[in-house]
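Subject: Structure handover

Hello,

Here is the structure you asked to take over. The notes on what was found in it follow below.

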Amino acid sequence: MQLIKRILVVMDDSTDHQASLVQAIKIAEKTSASIELFLVVYKNQLISHWLFNEAQQKVIKNEYLATKLRWLETYAAEVMLLDINVSIDVVWHTDMSCAILAKIAANNTSMVIKSTKQDSTISKIFFTPSDWQLLEHCSVPLLLTKNVSETSYNQVMAAVDPEKNQAKSLDGDVLQAGLAMAELFDGQVHVCHCYEPIGAELWQGITAVEMENTLDNGDYNVYTDAIKQHHSVAFTQLLSDYAFDETLIHLVAGSAVDEIPAVVKAHDVDLLVMGMSNNGKYMGNTIEKILDNIECDVLSIKCLES
């Protein structure tokens, strides 16, 4: 992950607690990054009311934007007291994700931080349509935070998949991002790779003829040992340039959809770092199912290769 110099903080005017800003301040204090408070607004009532002509609608819209700028200024004043360079911007747009992506393209954003919805009853994150769009298209590191407490990232986990053809450089970026975030917060870095063997029932359905002269004529235990060894070698090779403690390395048999949330929960992971490939998927798996079942913050690293 490149040096964090400029953080774009997506503000939420529906609440007083700005989870994204809380996390941005923590990172800015440790990296000397600047912060831009960014608010996307749109009120259909202001431009569709039959009582107002076009000129009046423009005046009303501009006044509404001015009130939102004043609202942002109250937060900016608090940030400046912390000796952090801060700026503000409000844009009128019907699509939040499009506005954020346009903002990223127009300046030198190093990281985007946006809050996610948190259900206080079941402690579950609910990702919005804008979150999904950003996960698919955001070209810079995207931190989605629930930030329901003031705790830091004590346990960081990088989810990698060295078996994917495009994964080598992306996995490296994910590992570097995990290490960078853990260093900022004096945390530990876990590394997880999930592989999915053929299930025993499916294996039993394969005929002896189909398995002739392979894997000891179809012995399922031989197969599971062989595939574990294969993935272990690839995983070890990926981590060969790093000095991870063995207790923090997790090679897990099973689908990423099921196993990543389980590992996150078992090790009290505060931040999951994952790679997003060009087709909008987490290394070929269904990202929606993974993210719907975790309760920690998420840092998404986009694959920039064609």
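At 15% relative accessibility, F244 falls in the buried class, because the cut-off for buried is under 20%. Its ring partner, Y242, has 22% and so counts as partly exposed. Before going further, please keep in mind that this is a predicted model.

Overall picture

The protein has 306 residues, of which 46% count as buried. Its secondary structure comes to 11 helices and 12 strands. The accessible surface is about 15,800 Å², and carbon and sulfur atoms account for 49% of that surface. If one takes the contacts between residues at least 6 apart in sequence, 76% of them join residues at least 24 apart.

Aromatic pairs

There are five aromatic pairs in the structure. One of them is formed by Y64 and W92: the ring centres lie 6.3 Å apart and the planes stand at 90°, so this pair is edge-to-face. Y64 belongs to helix α3 and W92 to strand β3, so the pair ties together parts that are 28 residues apart in sequence. Both partners are buried: Y64 has a relative accessibility of 17%, and W92 has 18%.

The pair of Y242 and F244 is tilted, with 5.6 Å from centre to centre and 35° between the planes. It is tilted rather than stacked or edge-to-face because stacked requires planes under 30 degrees apart and edge-to-face requires over 60.

Ring pairs also link Y42, Y64 and W92 into a cluster.

Salt bridges

A search of the whole structure gives six salt bridges. Three of them are described here, beginning with R6 and E36, whose side chains meet at 3.0 Å, N to O. This pair links distant parts of the chain, with R6 in strand β1 (residues 6-10) and E36 in strand β2 (residues 34-41), 30 residues apart. How accessible is E36, buried or exposed? E36 is buried, at a relative accessible area of 4%, whereas R6 is partly exposed at 26%.

K103 forms a salt bridge with D89, and here the closest N and O atoms are 2.8 Å apart. K103 sits in helix α4 (residues 96-106) and D89 in strand β3, so to speak two distant parts of the chain, 14 residues apart. K103 is buried, with a relative accessible area of 15%. Through salt bridges that share partners, R6, E36, D89 and K103 are joined into one network.

The salt bridge of R70 and E63 has an N to O distance of 3.2 Å. Both of its partners are partly exposed: R70 has a relative accessible area of 44%, and E63 has a relative accessibility of 43%.

As background to this section, side chains of opposite charge can pair when their charged atoms come close.

Surroundings of Q155

Q155 is found in strand β8, which covers residues 155-159. With a relative accessible area of 18%, Q155 is buried. Which residue does the side chain of Q155 meet in a polar contact? The partner is Q188, again through its side chain, at 3.3 Å. Leaving aside residues up to four places away in sequence, Q155 touches Q188, H190, H267, D268, V269, D270 and L271.

Backbone points to check

Two residues other than glycine are listed here for a positive phi. The first entry is D83, with phi near 65°. D83 is placed in the loop between α3 (54-80) and β3 (86-92), and D83 is exposed, with a relative accessible area of 73%.

The other entry is D186, with phi near 55°. The loop that holds D186 runs between α6 (167-184) and β9 (188-195). At 71% relative accessibility, D186 counts as exposed, because the cut-off for exposed is over 50%.

Regards

Key: Residues numbered from 1 in each chain as written. Predicted model: local features only at pLDDT ≥ 70, side-chain atom pairs only at ≥ 80, totals over all residues. Heavy atoms only, no water. Helix = DSSP H or I, 4+ residues; strand = E, 2+ residues; numbered from the N terminus. Buried < 20%, exposed > 50% of the residue type's maximum accessible area, 1.4 Å probe, protein only. Contact = heavy atoms within 4.5 Å. Areas by Shrake-Rupley, 256 points an atom, 1.4 Å probe, with all protein chains shown as cover. Phe/Tyr/Trp six-rings, centres within 6.5 Å; stacked < 30°, edge-to-face > 60°. Polar contact = N/O pair within 3.5 Å; in protein donor to acceptor, adjacent residues only side chain to side chain. Salt bridge = Lys/Arg side-chain N within 4 Å of Asp/Glu carboxyl O.
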